[in-house]
Amino acid sequence: MNVDTPVLIAGGGPVGLATALELAHHGVHSLVVEPRAEVSWLRPRAKTTSARTMELFRRWGLAAVIRERAPLPVSWSDEAVFATSLLGREITRFRGCFGLDLTGDDLVAEPGQQVAQPLVEQVLREAVEASPYAMLLTGWRVETLREDAEGVSITLRNDGTLRNDAALRNEEQRTVRAAYVVGCDGSRSVTREAIGARYEGRDDARPNFNVVFRAPGLAERVPHGPAVHYWILSPSQPGLVGRLDLADTWWCIGQGVTREEADPLGLVRALVGDDIQAEILATDPWKARMLLADRYASDRVFLAGDAAHQNPPWGGHGFNTGVGDAVNIGWRLAAVVNGWGAPALLHGYEAERRPIAQRTIAEAARNMATLSPELTDPRLAGDDATFKSARPGVAAAVHRAKDSEFHSLDLVLGYTYAGSPHVSTGAGERLPHRWLAPGVSLYDRLGKAFTLIGDSSTLAAADITKVAAELSIPLTTWHDPTRVGLALVRPDQHVAWTSTTADEDGRTALLRATGAHPDGRRNVRMGLVGN
């Protein structure tokens, strides 16, 4: 096949960069095409990197880098405070939010991390640029795609900005040939249109207005102590406030505020509860979206991240769901490009990831149903006695409505690919984690491709090892005679087969997991994968 790159990735945001890094993890070359020359720092967007995403970053050696550079240490706070204003009276609080309290816990290899999306994106960019397998081409965008039986022809358009490839600097347009394309090009995705997919869903009618601001000395005045979120339940201006660093930079969201009526400084002052002096750094009006592409793939083009799904930000799942997409399609493409995965393996991507996005959208929408405007009570703004009488009822309502938003590990860690054409009966879950020694995770012992865990001296283990060698399937064997039965673990740390639950032998399971078993060839649509 005559191609310029095995995989072209349209879009160099966090999901596109993560796709390139997953491919590089398996030794597969890719070209990432991104219009922006630099990371956009003034609009932090996602601020929660989940425990699961941090586990995936650990596979690439980047979890520690992100923590070292994150302005908010994971130890700083795992709490969310609900108050009448940032400087006002506290109503209630949540602890153990977003998996931030899980450092050293056997449940995870990595706790969550509060960090603005641009910093994560910058770390991923640097890793891509340092990789011998990935190339980031900035100043260009994907304009058109044309897919055929042998590959995809992609037209790139010079976006008129600085480019990091001197050979392309004076060109306005060029065509690149790729074996596969992954569309990580956001809500206005060219790749989604090219495969004839469309969004299904709706936008929320309620407006929101983001402000990033600098306010020296404000942190020292906050009476509630460290928190990752301060929810403001004020009848005059409900919303949220949070810190972007431990210096003077903050973010806030005014709920019910339109672009036309927004007064950024006035909004900041209303949420803070005082006429502070603040420098407005950036603003961003938005509405929540609940959208899901009706299909994720053609034969050679795949959608990931916002190109495939968008969900309300409440709970912090959108960006993290996109990274999960990137790892899932990345290892599959690597298996096919490297020759040990059958082309049918690619059919499992939509079957596994679309139901996860569907569930995430539904849960985020439930979180969005009750926000600060719905939780506030005019009595909270009254005198001390009136506030005291109203507080218990409001606090109880807050905990009923928001507990699942801050404590969502069942979604973050508990989703399963059961029912996938490439997972055997009784499997599909994330491999349960444990620490083997201080700082040594069970996940650190897994191979880059498949790993067989259990008593490797058994005939069943020998059979699986033999067929893997015969078919050149990369397989790491981890001898653990204390484990009950055998487990075949996929590159994404999900279990493909266990000898104690499956109704097929390990040889058949390995063929299924790599797309070579006939039952694994069907392109299963959404609804068959458990979660």
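Ser 189 is buried in this predicted model, because its relative accessible area comes out at just 3%, and anything under 20% counts as buried. The residue sits in the loop that runs between strand 10 (173-183) and helix 5 (190-194). Leaving aside residues up to four places away in sequence, Ser 189 touches Leu 303 and Ala 307.

Strand 10, at one end of that loop, is itself mostly covered, with eight of its eleven residues buried. Its pairing partners are worth going through one at a time. Strand 1 (residues 5-10) runs parallel to strand 10, and five bridges link the two; here Val 7 stands opposite Tyr 180 of strand 10. Strand 9 (residues 151-158) pairs with strand 10 in the antiparallel sense, over six bridges, and in this case Ser 153 stands opposite Arg 177. Then there is strand 18 (residues 301-303), which is parallel to strand 10 and joined to it by three bridges. In that pairing, Gly 183 of strand 10 stands opposite Leu 303 of strand 18. Leu 303 has already come up, as one of the residues touched by Ser 189. As a general point, side chains in a regular strand alternate between the two faces of the sheet.

Another loop residue to look at is Pro 207, found between strand 11 (199-203) and strand 12 (208-214). Again not counting residues up to four places away in sequence, Pro 207 touches a run of residues from Gly 254 through Gln 255, Gly 256 and Val 257 to Thr 258, plus Trp 286 and Lys 287. Leu 291 is 84 residues from Pro 207 along the chain, and the C-alpha atoms of the two are separated by 17 Å.

Next come the helices, starting with helix 7 (residues 318-337), which packs with helix 1 (residues 14-25). The angle between helix 1 and helix 7 is about 30 degrees, and their axes are 8 Å apart. Angles under 35 degrees count as roughly parallel, so that label fits helix 1 and helix 7. The crossing of helix 1 with helix 7 is right-handed. On the helix 1 side, the contact is made by Pro 14, Val 15, Ala 18, Thr 19, Glu 22 and Leu 23. Among the residues they meet in helix 7 are Phe 319, Val 323, Val 327 and Trp 331. Sorted by class, this contact of helix 1 with helix 7 has twelve nonpolar, three polar and one charged residues.

Helix 7 also packs with helix 2 (residues 51-59), this time at an angle of about 40 degrees and with the axes 9 Å apart. Helix 2 and helix 7 are therefore oblique to each other, and helix 2 passes helix 7 in a left-handed crossing. Helix 2 brings Thr 53, Leu 56, Phe 57 and Arg 59 to the contact, while helix 7 supplies Phe 319, Asn 320, Val 323, Gly 324 and Val 327. That group divides into five nonpolar, three polar and one charged. Phe 319, Val 323 and Val 327 take part here, and they also appear in the contact with helix 1.

Further along the chain there is an open sheet of four strands, in the order 23-22-24-25 and with mixed pairing. Its edges are strand 23 (475-479) and strand 25 (495-498), each of which pairs on one side only. On average, neighbouring strands of this sheet are turned by 20 degrees against each other, ignoring direction. Helix 12 (residues 459-470) packs on the sheet and touches strand 22 (450-454), strand 23 and strand 25, with its direction at about 160 degrees to that of strand 23. Within the sheet, strand 24 (residues 487-489) is antiparallel to strand 25, with three bridges between them, and Val 489 stands opposite Val 495 of strand 25.

Helix 12 has a helical partner too: helix 13 (residues 506-513) packs with it at an angle of about 40 degrees, the axes being 8 Å apart. That makes helix 12 oblique to helix 13, and their crossing is right-handed. In this contact, Asp 463, Ile 464, Val 467, Ala 468 and Glu 470 of helix 12 meet Gly 506, Arg 507 and Leu 510 of helix 13. By class, the contact of helix 12 with helix 13 comprises four nonpolar, one polar and three charged residues.

Notes: Residues are numbered from 1 along each chain as its sequence is written. This is a predicted model: local features need pLDDT of at least 70, side-chain atom pairs count only at pLDDT 80 or more; totals for chains, interfaces and linings use all residues. Side-chain values use heavy atoms; hydrogens and water are left out. Two strands pair if DSSP finds at least two bridges between them. Axes are lines fitted to C-alpha atoms, for helices over the stretch in contact, and angles run from 0 to 180 degrees between N-to-C directions. Contact means heavy atoms within 4.5 Å. Angles under 35 degrees count as roughly parallel, over 145 as roughly antiparallel, 65 to 115 as roughly perpendicular and the rest as oblique. A crossing is left-handed if the near helix is turned anticlockwise from the far one by less than a right angle, and right-handed if clockwise. Ala, Val, Leu, Ile, Met, Phe, Trp, Tyr, Cys and Pro count as nonpolar, Asp, Glu, Lys and Arg as charged, and the others, Gly among them, as polar. Buried means under 20% relative accessible area, exposed over 50%, partly exposed in between (1.4 Å probe, protein chains only).
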